[in-house]
Amino acid sequence: MKELWSIFSKGILMENPIFVLALSLCPALAVTSSVTNALTMGLTVMFVITVNNMTISLIRNFVNPKVRLPVYIVSIATIVTVAQLVLQAYFPLLYKALGIYLALVVVFAIILARAEVFASKNNVIRSCCDGLGMGVGFAVAMVIIGAVREVFGSGTFLGYHVLPISYDAPLLLILPAGAFIVIGYLIGGARILVNRIEKSKA
Amino acid sequence: MAVNEESLKMNLLTVSTSPHITSSESIPKIMWSVNAALAPAVIFAAWHFGMPAIITMLVGVVTAVATEYIIQVIRKKEVTINDGSAVLTGLLLAMCLPPSLPWYMTAFGSFLAIAVAKHSMGGLGHNIFNPAHIARAAMMASWPVAMTTWTQMTTSVDVVTSATPLNILKQQGYAKLIETFGDASNMYQAMFLGLRNGSIGETSAVLLILGGIFLIYKGYIKWEMPVLMIGTVGLLTWIFGPSGLFTGDPLFHMLAGGLMIGAFFMATDMVTIPITRKGKIIFAVGAGVLTVLIRLKGGYPEGVCYAILLMNCVTPLIDRFIVPKKFGARR
């Protein structure tokens, strides 16, 4: 149990997909201009990565290593299609807002990376924990970036005004350039945190 | 081992690594000289644009110095707010802004210049981009309307217009531009003296040139850079004129916009330009070409800021390819 918890929790901070592994920065730049978009994308990726990890783990003993990458991609694409259709059916507005990036989840580095380095070598339960942890880490990172950009870039949080209406928001934060700056500083912050934790453990 | 330190100090020669001959130049000396070179243009701007410009410049400088102090305390570095570099960044930024800009925008830009463009890159001497221009570009992206709103001037009676000459040229054409000033010689005179609308510190070509000549005389900047950058702009705008080849108005383009302040004070920033003479020449000509490209073909009326930032990008590349010949080496 303790081992499963450590597999799960390492994805949240110590091996956070965006802040520490620096994988899948493209969605972190593209769909984090509002918290809603960021959260939807985070949850979608969490779903895809968990289900995919379990699938890959289940079939890991039957797949010839030579063809493993095509197999992974087919598996991911199938799960992404499911997520896409669900979003399209129940949340058409969010589906529209995410646009092409939803389909692009198929090629997010973090999903393939977890299938390759973890799920193909571990059993289903461990893979599930890893996928969940990575997914939660990804979603949390996305929401943090989205929150900073939305609060300071348009003065709102989840669409509600949190800063006075007279707040003259710099558009920069809504633009991709602002996302680069925000992510840069957040990665720096995460680095400090991770270093401190590692030092206190050692 | 018990070594008597006192006797060591007294008897031994000072041993140090080369270089052994150092000049008397120091960062504070150079930075304050550049500030002094800007002073005439600053005073002119204060007279020309009045109170709003003075406030903008004050906010710019004070925010820059305060940010520098706070960050150096946080970074546990020596506090060097007296060396004039933060003052210079804040002043240069304010001089590239419209005079009536709300104060918090100036403060935001000034903070960004020091915190993001300078200290996040490692502090003085480590920044890739010109901090003042980074801040201006960020402000341009953040508040596009406020950054291109030029209010009516009050003190000067010679020119009554609420747009910069380059804006008029872009939107209404050359004929309208001449009409605004009366005739061509009137226009050149107004633009040379600075009696026109524009950013706070960019208007007076003659005072900026004077400041630049002072810096060239002191040896802090090389004459090739401003001359080549302004010359490239003049040549290209003359060749690619509005009605066919060789019909342009080079004099207008050389005097307009932020070219003078850009060429003399931004494109000569020691940190962000190539080290070698050849590299500097490439930088200056490249910045000139990009400026003309943005002015004539781009969506913005003025491109000096972006041209210099783009050339800052390729500075490491230029430095890598232009390697000076080693002393004593044969070709």
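How many residues of domain 1 of chain B are in contact with domain 2 of chain B, and how many of domain 2 take part? The legends below, which describe a predicted model, begin with the answer.

**View 1. Contact between the two domains of chain B.** On the domain 1 side, 32 residues are in contact with 27 residues of domain 2 of chain B. The domain assignment places domain 1 of chain B at 27-147 and domain 2 at 161-320. Taken over C-alpha atoms, the centres of these two domains of chain B are separated by 21 Å.

**View 2. The side of domain 1 of chain B that touches domain 2 of chain B.** Two or more residues each are given to this side by α2 (27-49), α3 (51-74), α4 (85-95) and α6 (131-142) of chain B. Of the elements on this side, α2(B) gives the most, with 12 residues. Sorted by class, the side of domain 1 of chain B that touches domain 2 comprises 24 nonpolar residues, seven polar residues and one charged residue.

**View 3. Contact between chain B and chain A.** Here six residues of chain B are in contact with six residues of chain A. At least two residues of the chain B side come from each of α5 (103-119) and α6 of chain B. The largest share of that side, three residues, is supplied by α6(B). By class, the side of chain B that touches chain A holds five nonpolar residues and one polar residue, with no charged residues.

**View 4. Helix α6 of chain B (131-142).** This element gives two or more residues to the side of domain 1 of chain B that touches domain 2, and α6(B) also provides three residues to the side of chain B that touches chain A.

Methods:
Residues are numbered from 1 along each chain as its sequence is written. Chains are lettered from A and ligands numbered from 1 in the order in which they are written. This is a predicted model: local features need pLDDT of at least 70, side-chain atom pairs count only at pLDDT 80 or more; totals for chains, interfaces and linings use all residues. Domain bounds come from an automatic or database domain assignment. Two residues are in contact if their C-beta atoms, placed from the backbone, lie within 7 Å. Helices (H or I, at least four residues) and strands (E, at least two) are DSSP runs, numbered from the N terminus. Ala, Val, Leu, Ile, Met, Phe, Trp, Tyr, Cys and Pro count as nonpolar, Asp, Glu, Lys and Arg as charged, and the others, Gly among them, as polar.
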